[in-house]
Structure formats: structure tokens, C-alpha cells
Amino acid sequence: MSSFLRSDLAQLMAYTPQPGHGGDADQADQPTIIDHLDTNESPFDLPDDLKQKLAWHYQHELKTNRYPDGSHGKLKEAIALYVNEAAGLAAQPITPEWISVGNGSDELIRSILIATCLNGHGSILVAKPTFSMYAILAQTLGVPVVTVDRHPDTFAMDCGAAQAAIDHSKMNTPTHTSAPPIRVVFVVHPNSPTANALTEAELQWLRSVPDDILVVIDEAYYEFSQTSVVNELAQHPNWLITRTFSKAFRLAAHRVGYSIAHPTISATLEKIRLPYNLPSFSQAAALTALQHRQLLLASIDGILEERDRLSQSLKNIPALRIFPSQANFVFACLRLQHQQPNSIQPNSIQPNSVQLDSQSYLTDLVNSLRQQGTLIRHTGGGLRITVGTADENQRTLQRAIAYLS
Ligand SMILES: *Cc1c(COP(=O)(O)O)cnc(C)c1O
């Protein structure tokens, strides 16, 4: 191994959003229709007339020889307007100084880690299962990750354990053997992959987190859940919200995310990011999406209706346990007593191996669906299924029923 590379990176693997999608499969066996229900995007492309508008902008206004607007001035103004409007904040308290824009919210997560934890300054806390990117990006920066559990029925985080972890981490006087204190708590509202929004008890706990710890509330699914903590932001100078254009705004291809936080935090994130982190065309796409937000967001009601229809139908499969969703995806677990009879040898298996067995059963299920053209995720001990178009959901359902009964 090249000795100039950090040895702690050797055991990390490059991120593959769709594990097992390698180019190994025989092309001839590939299904002709692929339903991409594994990354929680909107099933709808931008409408044609908006694409044409953007194409016109590219042809007549955008200068490819010029660097992008490195201040994101126009975009931040439009985002601030949208944030206030969507939250019904008539006083317009969120100004562009509260906004920072990233190349996807992934970039913002990395900037947050650099700003808070680098050089042994801090560790992060997450409640598993949750969005994997916090821990992955932390590891690439050598930032320790502390994890706590969630309730097996509600997926609410164990706030007592979280508080204990924070207290414990503070008692460590940092040495090269002990982890530095927890500096950031990451939560998702609603969580991925489990689709539950923060409860009042979780919010109460987050309000009590001392102000030497940053609380990051990831609202990637805000437009679907319509729940936000933005109204409380002014009271909590240690809170930061991240959001994205990758989901309800249908712009995953353009990689635009933003954060909302007290101007002091935002100004620091601005120092850390690369100077031209967001290409001109992506900025134009996000601006266009915001200008036409009513049109784009009008698709949400239909997606939520489809979600409820899909959830209801999946509930009719006895082998599956379906959890309530506040987002555009559904989380399902296997009911243990309903595993395939021949995948278990009675009397010879301990609970642990039953767990393992049910996980390998889910892996097989996901592989079978993939071979038929339905891509879903096996993650967090269950299945995360993005809500697609009515046709896509119908195929998901048929294939799941065929496999499980
Ligand atoms: C999809 C998703 C994002 C979006 O990330 P981008 O980098 O903006 O595409 C952020 N957080 C969570 C929890 C997500 O599921």
C-alpha cells in the first residue's frame, strides 16, 4: 500500500449509492424498464417548458468562459424568500446571511464537520439507523462517530442514551487515546430510512442540548412532511437546518443544497467551502425551480396519496411490517415469524442468527426485485422503498407480493 496515504482510509470503501449495481450483470438479462426507487428522488423530471427555459438561458445568457457567481447572491435571496414564505414567517426573519449553499447538502455536511470537529476538536453523535452520509464523511475526516439506538417500534432516538453519551464525552480530557467531546448532533426530520418525524420529546431534548454543541436538523424531506423547526431557529443559535433541491424540487442531477443558521455559523461555512462550489447552470436550475415552485411542488399531494396507497397495500402482506411515513418513501421490516419456512432450521438457531437470517432474506428479496427492474434499498435492518409513479408502485407491489407469498 502507498505509504503516503492515511492508513485509516484503507478500510473505507468508496460510496456506492446502489450496492451490487456493478457492471457485472449480463446485458442480455437486463429488464427493459428500471424503476429507480432506491434514492428517494421525485419520480418526475422537470416539466418540458422549464427545461426549455433553462436551455434558453444556457444558450443566450450563461457565459461558459466565466466562473460562476461565487457568492450565490441571487440564489440565497430566492432561498431566503422561499424559507420565510413556506414557514409563514411574515416578518421575513431569514435573510440571505442565514443561508449557505452547497454542492448538495452532502457538501454542507462536510463543511459542518470541518468547522466543528477537525483536528481532534470534536466527535459527532447520530442515532442509528439514519442517513449514512454523516458517519461516512466523518470517517473520511478522521472524526469519531458516537452512535445511540432508536426505539424498535417508533424509531424515536434514545434521548437518555444520547445525553449520557454527551456527558461521558465531556469527561474525557482529550488525549491521543480518548475521543474528543461531542460537538455535533445530527438528526433527520423526518428520518431516513425510517420515515418518522421528530417527536415532541425528541424536540424537547434537542432544545436542551447545551450551546457548545451544534444541533443539525436535516430537513431533506421538508416539502413532503411540511414539518420544520425553522420557526425556532432564532431562539437557538446552536441549531442549523439543512435542506436540498434533490428531492421535492426534482433537481437531484444539479446537486444543490442549502443550510439555514445564525449568520455567525453561516459565515464560517462560507469560509470553508470551495470558492466556486456550485456551477452556474446548477444555480440557474435552482433559481428556476424556486421561481416555479408552485408548479413543481403541486406534484407533492399526488406523491403523498401514492405513498398512502402503497403503504396500505404493503400492509396486506403478512410477512411485512410497515411503518408510518412522513416522507416520500416507506420503511418496511420483516416479521420474524413469517420468514420463508425453508430458510430456517427449527431448533438450531439462536435469536441472533434469526436476525442474520432475516437480513440475508431481505438481501435476496432486494436482489430478486432488482433482477425484475425494481430498485429498492436494504438498509437499517429493513427495506426503504421510494414512492414512485402509480405504475412503478404497482410493479413494486406485485413483485413484493409474488416474492413474499
Ligand atoms: C437525500 C438526502 C439528502 C440530500 O442530499 P443532497 O446531497 O442534497 O442530494 C440529505 N439528507 C438526507 C437525509 C437525505 O435523505
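The following exercises, with worked solutions, concern the ligand site and selected backbone and ring features of a predicted model.

**Exercise 1.** Determine which residues surround the ligand and how they divide by class.

*Solution.*
Step 1. List the shell: Gly104, Ser105, Asp106, Phe131, Val188, Asp218, Ala220, Tyr221, Thr244, Ser246, Lys247 and Arg255.
Step 2. Sort these residues by class: the shell has four nonpolar, four polar and four charged residues.
Step 3. Assign the shell to secondary structure: helix H3, residues 104–117, gives the most, with three residues.

**Exercise 2.** Identify side chains that place a polar atom at 2.6 Å or 2.7 Å from a ligand oxygen, and state where the ligand sits.

*Solution.*
Step 1. Apply the cut-off for a polar contact, a pair of N or O atoms within 3.5 Å.
Step 2. Examine Tyr221, where an N or O atom of the side chain is 2.6 Å from an oxygen atom of the ligand. For Thr244, a polar side-chain atom also lies 2.6 Å from a ligand oxygen. In Ser246, the corresponding distance from a polar side-chain atom to an oxygen atom of the ligand is 2.7 Å.
Step 3. Consider the cover: on its own the ligand has 390 Å² of accessible area, and the protein covers 93% of this.
Step 4. Locate the ligand: the site is the largest pocket.

**Exercise 3.** Classify the ring pair formed by Tyr221 and Phe329, and place both residues in the chain.

*Solution.*
Step 1. Begin with the total: the structure holds 12 aromatic pairs.
Step 2. Take the geometry of Tyr221 and Phe329: their ring centres are 5.0 Å apart and their planes stand at 70°, so the pair is edge-to-face.
Step 3. Place the partners: Tyr221 belongs to the loop between strand S6 (214–218) and helix H7 (222–225), whereas Phe329 is in strand S10 (residues 329–334). The pair links distant parts of the chain, 108 residues apart.
Step 4. Relate this to the ligand: Tyr221 is also one of the residues around it.

**Exercise 4.** Describe the backbone at Pro129, Pro193 and Gln92.

*Solution.*
Step 1. Recall the general expectation: most peptide bonds are trans, and most residues other than glycine have a negative phi.
Step 2. Inspect Lys128 to Pro129: this peptide bond is cis, with omega near 0°. Pro129 lies in the loop between strand S3 (123–127) and helix H4 (133–140).
Step 3. Inspect Ser192 and Pro193: they are joined by a cis peptide bond with omega about 10°. Pro193 is in the loop between strand S5 (182–188) and helix H6 (200–208).
Step 4. Inspect Gln92: although not a glycine, Gln92 has a positive phi of about 50°. Its position is the loop between helix H2 (73–87) and strand S2 (99–102).

Technical notes: Residues are numbered from 1 along each chain as its sequence is written. This is a predicted model: local features need pLDDT of at least 70, side-chain atom pairs count only at pLDDT 80 or more; totals for chains, interfaces and linings use all residues. Side-chain values use heavy atoms; hydrogens and water are left out. A residue is near a molecule or strand if one of its heavy atoms lies within 4 Å of it. A polar contact is a pair of N or O atoms within 3.5 Å; within protein, one must be able to donate a hydrogen and the other to accept it, and residues adjacent in sequence count only if both atoms are side-chain atoms. Accessible areas come from the Shrake-Rupley method with a 1.4 Å probe; for residues, only the protein chains shown count as cover. On a 1 Å grid over the protein atoms alone, a cavity is a set of points where a 1.4 Å probe fits but cannot get out, and a pocket is an open set with protein on both sides within 12 Å along at least five of seven lines; lining residues have an atom within 4 Å of a point. A molecule sits in a cavity or pocket if more than half of its atoms lie within 2 Å of its grid points. Helices (H or I, at least four residues) and strands (E, at least two) are DSSP runs, numbered from the N terminus. Ala, Val, Leu, Ile, Met, Phe, Trp, Tyr, Cys and Pro count as nonpolar, Asp, Glu, Lys and Arg as charged, and the others, Gly among them, as polar. Rings of Phe, Tyr and Trp (its six-membered ring) pair if their centres lie within 6.5 Å; planes under 30 degrees apart count as stacked, over 60 as edge-to-face and the rest as tilted.
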